[in-house]
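Student: I am new to this structure and would like a close look at a single part of it. Please show it to me first.

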Amino acid sequence: MKIIELPIEFEFNGQKNYIYPSLIILNNELTLVDTGYINFLTLIEKEIFKNGYEMKNLKNIIITHYDVDHIGSLYDFKEKYPWINIIASEIESKYICGEIKSERLVQAEEMLENMPNEEMEFGKWFIQQLKNLKHVSIDEKVHDGDMILDNKCRVVATPGHTSGHISLYFPSLKSVITGDAAVNENHELVIANPHFCLNVEKAEQSLNKIKNLKAENYYCYHGGKFIL
């Protein structure tokens, strides 16, 4: 078993940006963790091909949490590769399948009410991005401590950024896939943008929780791989 990061380059507001979805390879089967923004399917496919793997072997997609940069292309993946098993926490599943209005949309709409004029345009755009997300049903709902992927991966509840956020711990690889529970910023593990945290105190607790796992490799969606 191994984990590789998929550096996805894109432009945002005229600036070059990266996200780093993870690809888990286990017994010739692939598991993708998070799917980028809307219309990122092709970008992610290219990176998977570049690493020598084929999409026909993509068995699972794990979603760490409901955010536009993590679930944007989930619908496209499921439509193109209908056999894929989609895994998420029970809490996030409700937002992803559309059973409940997402926390992020509620937060964005509340923030818009008090937003200064110069930020209003971005606020409206962000809300529209969230509304454009297509709902997808979740095949497998997981909880803190669950062992998945042939018992090689432990689900770690890491609330704060969102309430149902999960990270993934691989004891045999001494590795954690962090989602947005930790970002690699200036060679340090820190919480993701506090402005988007639904509960900063819980986010700090979750960051400490995954640091206490004493892993050697932290695969951060923002900032890339962090090696202790």
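Student: Which exposed residues does the face of α6 turned away from its buried side carry? Please take that helix slowly and then show me what lies around it.

Tutor: The face of α6 turned away from the buried side carries N117, E121 and K124, which are exposed. This is a predicted model, and everything below is read from it.

Begin with the helix itself. α6 runs over residues 117-132. The helix has 16 residues and reaches 23 Å from its first C-alpha to its last, close to the 22 Å expected at 1.5 Å a residue. The buried residues of α6 are G123, F126, I127, Q129 and L130. Around the axis they cover an arc of only 155°, so they are on the same side of α6. The spacing along the chain fits a general rule. An α-helix has 3.6 residues a turn, so residues three or four places apart point the same way. Among the elements that cover the buried residues of α6 are α2 and α5.

Next come the pockets. α6 is one of the elements that supply at least two residues to the lining of the largest pocket. The others are β2 (8-12), β3 (15-19), α2 (68-71) and β13 (183-185). The volume of this pocket is about 570 Å³. Its lining has 23 residues, and those closest to the pocket centre are Y37, D69, N193, F196 and H222. Sorted by class, the lining holds 12 nonpolar, six polar and five charged residues.

The second largest pocket has a volume of about 230 Å³. Its lining consists of A108, M111, M115, E119, F122, G123, F126, I127, H195 and F196. Two elements, α5 (103-113) and α6, give two or more residues each to that lining. The biggest contribution is from α6, with five residues. By class, the lining of the second largest pocket has seven nonpolar, two polar and one charged residues. Some residues appear in more than one of these descriptions. G123, F126 and I127 are buried residues of α6, and they also line the second largest pocket. F196 is among the residues closest to the centre of the largest pocket and is also part of the lining of the second largest one.

α5 deserves a stop, as it helps to cover the buried residues of α6. E103 is in helix α5. With a relative accessible area of 19%, E103 is under the 20% cut-off and so counts as buried. Leaving out residues up to four places away in sequence, E103 touches E92, Y95, T162, S163 and L198. L198 is 95 residues from E103 along the chain, yet the C-alpha atoms of the two are separated by 8.2 Å.

Two further helices can be read in the way used for α6. In α7 (residues 200-211), there are 12 residues, and the helix reaches 16 Å from its first C-alpha to its last, close to the 16 Å expected at 1.5 Å a residue. Its buried residues include A203, S206, L207 and I210. Seen down the axis, the buried residues of α7 fall within an arc of 105°, so they line one face of the helix. Their cover includes the strands β10 (153-157), β11 (166-170), β12 (175-179), β14 (188-190) and β15 (217-220).

Helix α1 (residues 41-50) has the buried residues L41, I44, E45, E47 and I48. These cover an arc of only 165° around the axis, which puts them on the same side of α1. K46 and K50 are exposed on the other side of α1. The buried residues of α1 pack against β2, β4, β5 and α3 (74-80). After α1 comes G52, with a positive phi near 90°.

Positive phi also turns up in residues other than glycine. N28, in the loop between β4 (22-26) and β5 (29-33), has a phi near 65°. N28 is exposed, with a relative accessible area of 64%. N186 sits in the loop between β13 and β14 and has a positive phi of about 50°. At 68% relative accessibility, N186 counts as exposed.

To return to the starting point: α6 has its buried residues on the same side, and the exposed N117, E121 and K124 are on the face turned away from it.

Definitions and conventions
Residues numbered from 1 in each chain as written. Predicted model: local features only at pLDDT ≥ 70, side-chain atom pairs only at ≥ 80, totals over all residues. Heavy atoms only, no water. 1 Å grid on protein atoms, 1.4 Å probe; cavity = no way out; pocket = protein on both sides within 12 Å on 5 of 7 lines; lining within 4 Å. Points joined across faces, edges and corners; volume = space filled by probe spheres on them. Helix = DSSP H or I, 4+ residues; strand = E, 2+ residues; numbered from the N terminus. Nonpolar A, V, L, I, M, F, W, Y, C, P; charged D, E, K, R; others polar. Expected span 1.5 Å × (residues − 1). Buried < 20%, exposed > 50% of the residue type's maximum accessible area, 1.4 Å probe, protein only. Arc of directions from axis to C-beta. Contact = heavy atoms within 4.5 Å.
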